[in-house]
Amino acid sequence: MTSGVPGPLAPPGSIPELAFSVEEVGPLEHAAVPTLRFGVRIDVPGGESIRSVLLHTQIQIAARRRRHVEAEEERLFELFGERERWGTTLRTLPWTRATQVVPPFSGSTLFDIEVPVTYDFDVVASRYLDALEGGEVPLELLFAGTLFYTDESGLLKTTRIAWDREAEFGLPVAVWRDTMERYFGDQAWIRMRKESFDRLQAYRSRNALTWEDAIDQLLGRAGDGEGKGH
């Protein structure tokens, strides 16, 4: 009979092997916040029955693997500096982590990883994605966790999944932009200190302006002062 309590860690050689791949990506429908849905497949080449997987996923942007056009290089100056320095400054960017339980399956299964996306430019990954013109974003998905399975005698066993399981995927920039536009249209937002916001709000109120008009007016003044030593 199958035990209801996890047994000891399985000895080497009897542990099911797991292979991960990303099948698709798209916006998560009817989400409260903009969210990308990654369809991930787990294959078990040996065909063993898996009771469940407590899975930890880390998604990172492999920026070194992308060829950037000149307009992108200008927008990415704040992150990586001048193009001549990218040999040392261009790096892999952490994006997000997720933890979930994959339900029982045999042979293979498909499940979703949901990744909220944002215009918060304090998040490095958001600044990087917004700077891109098109093409694909090279992603690396790293997996770890705990695997629960039954052996030939029906005994429930567990084993750890080390961070050596991974999958590569090219996220179309257009998918990210379409997801953001569904929620924000042609708008974006920035985070600022409360003191700066209060000053901007006071300026807006004194001049009976919209937020956009207030910022445009201040930017116009800054432009007028360029090159005059102010």
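Colleague: What makes you say that β1 and β2 are joined, and in which sense do they run?

Modeller: In this predicted model, eight bridges join β1 to β2, and the two strands run antiparallel; because two strands count as paired once DSSP finds at least two bridges between them, β1 and β2 qualify. One of the residue pairs is Val25, whose bridge partner in β2 is Phe38.

Colleague: Which strands belong to the open sheet, and in what order?

Modeller: The open sheet has three strands in the order β1-β2-β6, with antiparallel pairing. The edge strands are β1 and β6 (108-116), as each of them pairs on one side only. On average, neighbouring strands of this sheet are turned by 25 degrees against each other, direction ignored.

Colleague: How do you know that β2 pairs with β6?

Modeller: Nine bridges join β2 to β6, and these strands run antiparallel; since at least two bridges are needed for a pair, the criterion is met. Among the partners in β6, Val115 is matched with Leu36, and Asp112 is matched with Gly39. Strand β2 is mostly covered, with seven of its nine residues buried.

Colleague: Why is His30 called exposed?

Modeller: The relative accessibility of His30 is 80%, and exposed means over 50%, so His30 counts as exposed. His30 is placed in the loop between β1 (19-27) and β2 (35-43).

Colleague: What is the phi of His30?

Modeller: The phi of His30 is near 60 degrees, a positive value in a residue other than glycine. Most residues other than glycine have a negative phi. A positive phi is also found in the hairpin of β7 and β8, where Gly154 takes a value near 90 degrees and five residues lie between the strands.

Colleague: How do you know that β7 and β8 are paired?

Modeller: They pair in the antiparallel sense over 14 bridges, and because a pair needs at least two, the name is justified. Within this pairing, Glu140 has Glu168 as its bridge partner in β8.

Colleague: Why is Thr57 called buried?

Modeller: Thr57, which is placed in strand β3 (residues 49-61), has a relative accessibility of 2%; buried means under 20%, so Thr57 counts as buried. Not counting residues up to four places away in sequence, Thr57 touches Thr96, Arg97, Ala98, Ile113, Leu141, Leu142 and Phe143. The C-alpha atoms of Thr57 and Leu141 are separated by 6.7 Å, although these residues are 84 residues apart along the chain.

Colleague: And what makes Val53 buried?

Modeller: Val53 also lies in strand β3, and its relative accessible area is 0%, which is under the 20% limit, so Val53 is buried. Leaving aside neighbours within four places in sequence, Val53 is in contact with residues including Gln100, Phe105, Thr146 and Ile161. The C-alpha atoms of Val53 and Thr146, 93 residues apart along the chain, are separated by 5.8 Å.

Colleague: Which residues of the largest nonpolar core touch the most other members?

Modeller: That core has 49 residues, of which Phe38, Ile61, Trp95, Ile113, Tyr128, Val137 and Leu139 touch the most other members. Strand β7 (residues 136-150) supplies the largest share of this core, six residues. As for Trp95, the residues it touches beyond four places in sequence include Leu36, Phe38, Ile61, Val115, Leu139 and Leu171.

Colleague: How do you know that the span of helix α5 agrees with expectation?

Modeller: At 1.5 Å a residue, the twelve residues of α5 (residues 173-184) should span 16 Å, and the end C-alpha atoms are 16 Å apart, so the two values agree. The buried residues of α5 are Val173, Val175, Trp176, Thr179 and Met180, and they pack against β1, β2, α4 (124-130), β7 and β8 (156-172).

Colleague: What does the protein come to in secondary structure, and how much of it is buried?

Modeller: The secondary structure comes to seven helices and eight strands, and 37% of the 230 residues count as buried. Of the contacts with a separation of 6 or more, 75% are accounted for by residues 24 or more positions apart.

Colleague: What is the average pLDDT of the protein, and where is the pLDDT below 50?

Modeller: The protein averages a pLDDT of 86, and 87% of the residues score at least 70. Over residues 1-13, however, the pLDDT is below 50, while this stretch has 24 contacts in the model beyond near neighbours in sequence.

Definitions and conventions: Residues numbered from 1 in each chain as written. Predicted model: local features only at pLDDT ≥ 70, side-chain atom pairs only at ≥ 80, totals over all residues. Heavy atoms only, no water. Helix = DSSP H or I, 4+ residues; strand = E, 2+ residues; numbered from the N terminus. Buried < 20%, exposed > 50% of the residue type's maximum accessible area, 1.4 Å probe, protein only. pLDDT = per-residue confidence, 0-100. Contact = heavy atoms within 4.5 Å. Axes fitted to C-alpha atoms, helices over the stretch in contact; angles between N-to-C directions. Core = buried A, V, L, I, M, F, W, Y, C linked by side-chain atoms within 4.5 Å. Expected span 1.5 Å × (residues − 1).
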